[in-house]
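Me: I have a model open and want to go through its core and its charged pairs. Can you take me through them?

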Amino acid sequence: VYDEGNCGYTVYNSFSSVHNDVLDNQICGAELADNGCYALLLSNGEYNSVVEVYNSDFALINRYNKNAYVSCVDITENEVLIVASDAQLGSSEFSIEILVSVLGEEKAKFNVNSTAGFPLGCKITPYGYVVVCTDSVLLFSEAGENVGKYVFGQDNLADFVISDTNTLLLFKKRSFDIKYELICIEKDGSVLYNNTIHETIFDIELNDSRALLLTETNILCIDENFSNSVNIESSDYNYRILAIDEDAYYYCSNTGASAFTIVLD
């Protein structure tokens, strides 16, 4: 937990605070692995971006100083993924650096460059690495090879989610009525399924390839084989849905979280 733009942060387990610290640099972002390792994205006067990686004993084990601007980071118990953008090559294209390193090792596992829109998010998956940009989805193997790319260009990307197996993109279409397009991308960049929704969507979640979409009165459940819905009383932009696993789903309000189940058609 941190206050963006300030220097202090606190680490919690399921019960209480286990560590807190105040750094010399401002915190711009943070990512936490399941085993307690974490990465902090910092801003200082010497470099445009600094990423510090800590182990589960709260000890600093890696520091990455970047003249480029780091926009997204992901971390697991073994690796850290850092995505930075440098020179803007045109009105919508950037030079992007994708760096992956084993925790605690000085030399990077790989460091590759690509050209795409501004990077919005990234994830380490069992099959490799995913970077979602403002115009495309970039997919890399565990060795750093570019194994797929899905380009959507200037479509209005409203939201996205990356799971361990797929990437979900939600586009708000320019139309006189309410219209969204939902596209699920596989690990090679191909389209697994494509759906059109005519309801306002407040939040989306992805569990493997199953999409969950929160509307005003329903949670829509969609994958490549079926679609169904769960009725709710009401929701708005402050509500969220959360998928723990294929059997545990939660509908989260400002005051609590209610479990719900999905019945297959």
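Reply: What follows covers the core, then the salt bridges. This is a predicted model, where local features need pLDDT of at least 70, side-chain atom pairs count only at pLDDT 80 or more, and totals for chains, interfaces and linings use all residues. Residues are numbered from 1 along each chain as its sequence is written, and side-chain values use heavy atoms, with hydrogens and water left out.

Me: How many residues does the largest nonpolar core have?

Reply: 17, with Leu81, Val83, Ile96, Ile98, Tyr129, Val131 and Phe140 having the most contacts inside it. A nonpolar core is a set of buried Ala, Val, Leu, Ile, Met, Phe, Trp, Tyr and Cys residues joined through side-chain atoms within 4.5 Å. Buried means under 20% relative accessible area, exposed over 50%, partly exposed in between (1.4 Å probe, protein chains only).

Me: Which strand gives the most to this core?

Reply: β9, with 4 residues. Strands here are DSSP runs of E, at least two residues, numbered from the N terminus.

Me: Switching topic: how many salt bridges?

Reply: The structure holds 5, each a side-chain nitrogen of Lys or Arg within 4 Å of a carboxyl oxygen of Asp or Glu. One of them joins Arg63 and Glu52 at 2.9 Å, N to O. Arg63 sits in strand β6 (residues 60-66) and Glu52 in strand β5 (residues 49-54), 11 residues apart.

Me: Is Glu52 buried or exposed?

Reply: Buried, at 6% relative accessible area, whereas Arg63 is partly exposed at 46%.

Me: What does Glu97 pair with?

Reply: Lys66, with the closest N and O atoms 2.7 Å apart. Glu97 is buried at 16%, and Lys66 is buried at 11%.
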